[in-house]
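Welcome, and thanks for taking a look at this one with us. Please have the sequence and the 3D view open side by side as you read.

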Amino acid sequence: MSNRGDSGSEVPAPRVHIPLIGALDKAEGYVYVVTGVMFLLCAVGALGYSLVIFVLGLREDSFAHALITLVNDLLLVVIILEILRTVVDVLQKHVLSLHPFLVIASISATRRILTVGAEIALTQEIDEERFNRLMIDLGVNAGVILAVAIALYLTRIGDVKEDKSDISG
């Protein structure tokens, strides 16, 4: 919100200075720190769990199945780390960006495609109805990846234009 000065130029609106706002800002920071620590613990726990399941899978399943499960679990760890990176960025820059969420969406869709592909490859017989549902699932997730790629491209174009206007302005 801004006002017009006598010369017609933009004058920033006066900031309301309420002591509670500073306390809320500080409390928000603490909550973000605790949340970040929890995400880190989740990532470490998921990584450890993934390794244990992989070793157990080698004993009980085929190497291919154990490996696909490991890759799927590791992608979950990457998703958790991307969320953690977003929390850290909010703490450092005090700005929430769209980019990490697009990356997370892309990784999630890729993870689902790998899971469906593994299910198809490892299943001996799939009835036609199940196969059709899996193909639709693959198509939807491929569409999500395409949409996310376009969104990432558009956000990069916007970032470049912003950077150029900051330099020239």
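Here is a short briefing on the fold, the helix packing and the salt bridges.

The model is predicted, so please read each value below as computed from it. The chain holds four helices and two strands, and their order along the sequence is β-β-α-α-α-α. Of its 169 residues, 18% count as buried. Among contacts with a separation of 6 or more, 58% join residues that sit 24 or more positions apart.

**Helix H1 against helix H2**

- Two packed helices are described by the angle between their axes and the distance between the axes.
- For helix H1 (residues 19-60) and helix H2 (residues 63-93), the axes come within 9 Å and cross at roughly 170°.
- An angle over 145 degrees counts as roughly antiparallel, and H1 and H2 are therefore roughly antiparallel to each other.
- Sorted by class, the residues in the contact of H1 with H2 are 25 nonpolar, five polar and one charged.
- Leu91 is a handy residue to look at here: it is located in helix H2 and is partly exposed, with a relative accessible area of 29%.
- Once neighbours within four places in sequence are set aside, Leu91 is in contact with Gly29, Tyr32 and Val33.
- Leu91 and Gly36 are 55 residues apart along the chain, and their C-alpha atoms are separated by 9.6 Å.

**The length and end of helix H2**

- How does the span of H2 agree with 1.5 Å a residue? The 31 residues of H2 should span 45 Å, and the end C-alpha atoms are 44 Å apart, which agrees.
- Just after H2 comes His94, which takes a positive phi of about 60°.

**Helix H2 against helix H3**

- The axes of H2 and H3 come within 10 Å and cross at roughly 170°, which makes H2 roughly antiparallel to H3.
- On the H2 side, the residues making this contact include Ala64, Ile68, Val71, Leu75, Ile79, Ile83 and Thr86.
- On the H3 side, they include Pro100, Val103, Ile107, Arg111, Leu114, Ala118 and Leu122.
- By class, the contact of H2 with H3 divides into 16 nonpolar, five polar and two charged residues.
- Leu75 gives a close-up of this contact: it is placed in helix H2, and, leaving aside neighbours within four places in sequence, it is in contact with Ile107, Arg111 and Leu114.
- Between Leu75 and Ile107 there are 7.0 Å from C-alpha to C-alpha, although the two are 32 residues apart in sequence.

**Salt bridges**

- Side chains of opposite charge can pair when their charged atoms come close.
- How many salt bridges does a search of the whole structure find? The search finds four, and the bullets below describe some of them.
- Asp137 and Arg112 meet through their side chains in a salt bridge, at 2.5 Å from N to O.
- Asp137 lies in helix H4 (residues 128-168) and Arg112 in helix H3 (residues 99-122), so this pair ties together parts that are 25 residues apart in sequence.
- Is Asp137 buried or exposed? At 17% relative accessibility, Asp137 counts as buried, while Arg112 is partly exposed, with a relative accessible area of 32%.
- Glu119 and Arg130 also meet in a salt bridge, at 2.4 Å from N to O.
- Because Glu119 lies in helix H3 and Arg130 in helix H4, the pair ties together parts that are eleven residues apart in sequence.
- Glu119 is partly exposed at a relative accessible area of 26%, and Arg130 counts as partly exposed at 28% relative accessibility.
- Within helix H4, the side chains of Arg133 and Glu129 form a salt bridge, at 3.2 Å from N to O.
- Arg133 and Glu129 are four residues apart in helix H4, so about one helical turn separates them.
- An α-helix has 3.6 residues a turn, so residues three or four places apart point the same way.
- Arg133 is partly exposed, with a relative accessible area of 44%, whereas Glu129 is exposed, with a relative accessible area of 54%.

Notes
Residues are numbered from 1 along each chain as its sequence is written. This is a predicted model: local features need pLDDT of at least 70, side-chain atom pairs count only at pLDDT 80 or more; totals for chains, interfaces and linings use all residues. Side-chain values use heavy atoms; hydrogens and water are left out. Axes are lines fitted to C-alpha atoms, for helices over the stretch in contact, and angles run from 0 to 180 degrees between N-to-C directions. Angles under 35 degrees count as roughly parallel, over 145 as roughly antiparallel, 65 to 115 as roughly perpendicular and the rest as oblique. Ala, Val, Leu, Ile, Met, Phe, Trp, Tyr, Cys and Pro count as nonpolar, Asp, Glu, Lys and Arg as charged, and the others, Gly among them, as polar. The expected span of a helix is 1.5 Å times one less than its number of residues. Buried means under 20% relative accessible area, exposed over 50%, partly exposed in between (1.4 Å probe, protein chains only). Contact means heavy atoms within 4.5 Å.
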